[in-house]
Amino acid sequence: MVNDDNRDRAVKIRGLSWYTKKSEVVEFFQAFNVSEENVFIEVVDGKNSGYCIVLLKNEEEVEQAKTDLDHQYIGKRWIGFCEIRLRG
C-alpha cells in the first residue's frame, strides 16, 4: 500500500461510514481520475474503520485534493484529510 516510493502521492482520509464502497471514494476524487485499484479502505474486524488511503498521480495532486476536498462530504459523512505515518 503506502511505502517510501509512493508516500508523496498518497492521501489518508477519515470519516467514512462502515458501508462506504471504493466506488464512492473514486467518485469523491473524480477530478483526479482515481481508479479503484488506488483506493485502500481500512477494514478492522470485518468493518470499514472510517479511514482510507488513496494514491494520486503526484504530490501536486495531493496538495490540490487537500485544498479542494478537505471538509467535504461523501453522502452525509464529513471527510477530513490526515497525516500518513509509515509503520515499521
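**Exercise 1.** Is N6 buried or exposed?

*Solution.* Start with the cut-offs: buried means under 20% relative accessible area, exposed over 50%, and partly exposed in between (1.4 Å probe, protein chains only). N6 has a relative accessible area of 8%, so N6 is buried. Next, look at its partners: leaving aside neighbours within four places in sequence, N6 is in contact (heavy atoms within 4.5 Å) with M1 and L55.

A word on the model: it is predicted, so local features need pLDDT of at least 70 and side-chain atom pairs count only at pLDDT 80 or more, while totals for chains, interfaces and linings use all residues. Residues are numbered from 1 along each chain as its sequence is written, and side-chain values use heavy atoms, with hydrogens and water left out.

**Exercise 2.** Find which residues of helix α2 are buried, and where they lie on the helix.

*Solution.* Helix α2 covers residues 59–69 (helices are DSSP runs of H or I, at least four residues; strands are runs of E, at least two; both are numbered from the N terminus). Its buried residues are E61, V62, A65 and L69. Seen down the axis, they fall within an arc of 105 degrees (taken from the directions from the helix axis to the C-beta atoms), so they line one face of α2. These buried residues pack against β1 (10–14), α1 (22–28) and β6 (80–82). On the other side of α2, E60 and T67 are exposed.

**Exercise 3.** Work out why C52 and C82 form no disulfide.

*Solution.* A disulfide here is a pair of cysteine sulfur atoms within 2.5 Å. The sulfur of C52 is 10 Å from the closest cysteine sulfur, in C82, which is too far for a bond. The structure holds zero disulfides.
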